[in-house]
Amino acid sequence: MGRTNYQRGYEIERKIVHELTDRGFLVVRSAGSHSKVDVLGISRRRILAVQSKRTKRFSMAAYRKEIAEIQATIKEHNIDEVIDFEFWVWVDRQGFRKWKVTVDSVSEVA
């Protein structure tokens with residue numbers, strides 16, 4: 001039997017946890033919350049909120065709604081100056097593609 005969507009999502013979130021931990025963040029995973037934040041990384045200089053997705057073939061258009069919801073959350077709570085939001089998409093056989101999301105822009109992160 002194949003893996004469930006939950007299992008696939010969990011695997012990606014674990015990859016994010018490991019990457020952020022390796023970069024020196026204290027990391028919290030929001031298990032099964034269906035919120036705007038899947039993983040939260042905290043360091044002395046930065047709080048990073050990550051929303052993650054997984055796909056076989058990448059299309060940015062498929063994520064416009066999720067990104068707009070993140071932007072609305074940032075605006076509603078006026079937290080643009082306090083928390084950095086990133087949107088990470090795991091593309092099978094390619095790895096992560098990452099974007100910084102602000103109230104009024106989305107820019108790909110190297």
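Val-37 lies in the loop between strands β1 (26-29) and β2, in a model that is predicted rather than determined by experiment. Helices (H or I, at least four residues) and strands (E, at least two) are DSSP runs, numbered from the N terminus. At 21% relative accessibility, Val-37 counts as partly exposed; on this scale buried means under 20% relative accessible area, exposed means over 50%, and partly exposed is in between, with a 1.4 Å probe and protein chains only. Leaving aside neighbours within four places in sequence, Val-37 is in contact (heavy atoms within 4.5 Å) with Ser-30, Ala-49, Val-50, Gln-51 and Phe-85. The last of these partners, Phe-85, is 48 residues away along the chain from Val-37, and the two C-alpha atoms are separated by 8.6 Å.

Val-39 is found in strand β2, and at 0% relative accessibility this residue counts as buried. Not counting neighbours within four places in sequence, the contacts of Val-39 are with Glu-13, Ile-16, Val-17, Leu-20, Val-27, Val-28, Arg-29, Leu-48, Ala-49 and Val-50. Ile-74 is 35 residues from Val-39 along the chain, with 16 Å between their C-alpha atoms.

A step back shows the whole chain. Residues are numbered from 1 along each chain as its sequence is written. Local features need pLDDT of at least 70 and side-chain atom pairs count only at pLDDT 80 or more, whereas totals for chains, interfaces and linings use all residues; side-chain values use heavy atoms, with hydrogens and water left out. The protein has two helices and six strands, which follow the pattern α-β-β-β-α-β-β-β along the sequence. The pLDDT, the predictor's confidence in each residue from 0 to 100, averages 91 in the protein, and 97% of the residues score at least 70. Confidence is lowest in helix α1 (residues 5-22), with a mean of 90, and highest in strand β2 (residues 39-42), at 97.

How does the radius of gyration of the protein agree with that of a compact globule? With 110 residues, a compact globule would have a radius near 13 Å, and the protein has 14 Å, which agrees. This radius is taken over C-alpha atoms, and the globule rule is 2.2 Å times the number of residues to the power 0.38. Along the principal axes, the C-alpha atoms fill a box of roughly 45 × 30 × 25 Å. Of the 110 residues, 33% count as buried. Among contacts with a separation of 6 or more, 46% are between residues 24 or more positions apart. The accessible surface comes to about 7200 Å², and 49% of this belongs to carbon and sulfur atoms; such areas come from the Shrake-Rupley method with a 1.4 Å probe, and for residues only the protein chains shown count as cover.

Aromatic rings offer another view of the structure, which holds five aromatic pairs. Rings of Phe, Tyr and Trp (its six-membered ring) pair if their centres lie within 6.5 Å; planes under 30 degrees apart count as stacked, over 60 as edge-to-face and the rest as tilted. The rings of Trp-88 and Phe-96 have centres 5.1 Å apart and planes at 70°, so this pair is edge-to-face. Trp-90 and Phe-96 have ring centres 5.0 Å apart and planes at 80°, so they too form an edge-to-face pair. Trp-88 counts as buried at 0% relative accessibility, and Trp-90 counts as buried at 18%. Ring pairs also link Phe-58, Tyr-63, Phe-87 and Trp-99 into a cluster.

Charges sit over some of these rings, meaning that NZ of Lys or CZ of Arg is within 6 Å of the ring centre and within 35 degrees of the ring normal. The charged end of Lys-15 sits over the ring of Trp-90, 4.6 Å from its centre. Over the ring of Phe-58 sits the charged end of Arg-97, 4.2 Å from the ring centre.

Two loops complete the picture. Most residues other than glycine have a negative phi. Asn-78, in the loop between α2 (64-77) and β4 (84-91), has a positive phi near 50° and counts as exposed at 66% relative accessibility. Arg-93, in the loop between β4 and β5 (95-101), has a positive phi of about 70° and counts as exposed at 79%. Asp-92 has its place in the loop between β4 and β5 as well, but counts as buried at 15% relative accessibility. Asp-92 touches Arg-54, Thr-55 and Lys-56, not counting residues up to four places away in sequence.
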